[in-house]
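Here's a fold I'd like to talk through with you. Have a look before we start.

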Amino acid sequence: MSDLIGFGIDIGGSGIKGAPVDLTTGELVGDRLRIPTPNPSEPAAVAATVADLVASFDVPDTTPIGLTFPAPIKHGVVGFIANLHKSWKGVDVPVLMTEAIGRQVTAVNDADAAGIAEVVYGAAKGVPGVVLVTTLGTGIGSALIVDGTLVPNTELGHLEIDGHDAEHRAASSAREAEGLSWGEWAERLQRFYETVEMLFSPDLLVVGGGVSKKHDKFLPLLTTQAPIVPAALRNTAGIAGAAQLAAHGYR
């Protein structure tokens, strides 16, 4: 691996994925490895799994290592947790992972990592001003980037809109659970995006998550002031963004 390679790790509720990343292009270098998330997903068990994953690769000592985490990360510490064991609350993730791996590790919220990847390598590359990246999946993740600088832990999926937690009505999981047509779901997305536009006046909206593969079925149904486009990196965005942030000293 060259000096332009980082290593990214994506921790999720069901799987932990990792791969080396070309920091110039954001592309993965070689195959991505996925290991099931331990059950129960307690900190020590997850940290040991992450260490095993890194050990499966020949990662030079100089390679920056970044990982995503499915919760807000404030100065390294988990504020609240939904998709892993509740004992993660209050844990300093970089300290835990650095001890487990024996290497300095950078930790970042998963949606924030995906957002940075889209700004540096993907659909928002070269776009000045305010970029809002949202991931539509089980919930709604969000990343707010201003002139290339991340504003961390926005959690806009938890905005209360019309008396409801936004993601309970507008996440991709809600569409599936309620059997909504694309048009019916787009009406809910419209309400979400017009609200975040009112609050943040973005210059570009980027829509990610697995459902973005079918963006042609719902994005044309939305009316927004800013351009709204599908994400480019899809399921590699978290790994690429974590590696990029680690390489640039994000804390």
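What follows is a short chat about one helix, the cores and some charged pairs.

Reader: What kind of model is this, and how are residues numbered?

Author: Side-chain values use heavy atoms, with hydrogens and water left out, and residues are numbered from 1 along each chain as its sequence is written. Local features need pLDDT of at least 70 and side-chain atom pairs count only at pLDDT 80 or more, while totals for chains, interfaces and linings use all residues, since this is a predicted model.

Reader: Why do the buried residues of α2 sit on the same side of the helix?

Author: Helices here are DSSP runs (H or I, at least four residues), and strands are too (E, at least two), numbered from the N terminus. In α2 (residues 93–101), the buried ones (under 20% relative accessible area, with exposed over 50% and partly exposed in between; 1.4 Å probe, protein chains only) are Val-93, Pro-94, Met-97 and Ile-101. They share a side because, taking directions from the helix axis to the C-beta atoms, they cover an arc of only 90°.

Reader: Which element gives the most residues to the largest nonpolar core?

Author: A nonpolar core is a set of buried Ala, Val, Leu, Ile, Met, Phe, Trp, Tyr and Cys residues joined through side-chain atoms within 4.5 Å. The largest one has 27 residues, and Val-93 and Met-97 of α2 are among those touching the most other members. Elements that give two or more residues are β1, α1, β4, α2 and β7. The top contributor, with six residues, is α1.

Reader: How far apart in sequence are the parts that Asp-162 and Arg-191 tie together?

Author: The two form a salt bridge (a side-chain nitrogen of Lys or Arg within 4 Å of a carboxyl oxygen of Asp or Glu), with the closest N and O atoms 2.9 Å apart. Asp-162 lies in the loop between β11 (160–161) and β12 (164–165), and Arg-191 in helix α6 (residues 182–200), so the parts tied together are separated in sequence by 29 residues.

Reader: Which residue is linked with Asp-162 and Arg-191 in a network of salt bridges?

Author: Asp-162 is exposed, at 55% relative accessible area, while Arg-191 counts as partly exposed at 34%. The residue linked with them in the network is Glu-194.

Reader: Is Arg-188, which pairs with Glu-178, buried or exposed?

Author: The closest N and O atoms of this salt bridge are 2.8 Å apart. Glu-178 counts as partly exposed, at 43% relative accessibility. Arg-188 has a relative accessible area of 15%, so the arginine is buried.
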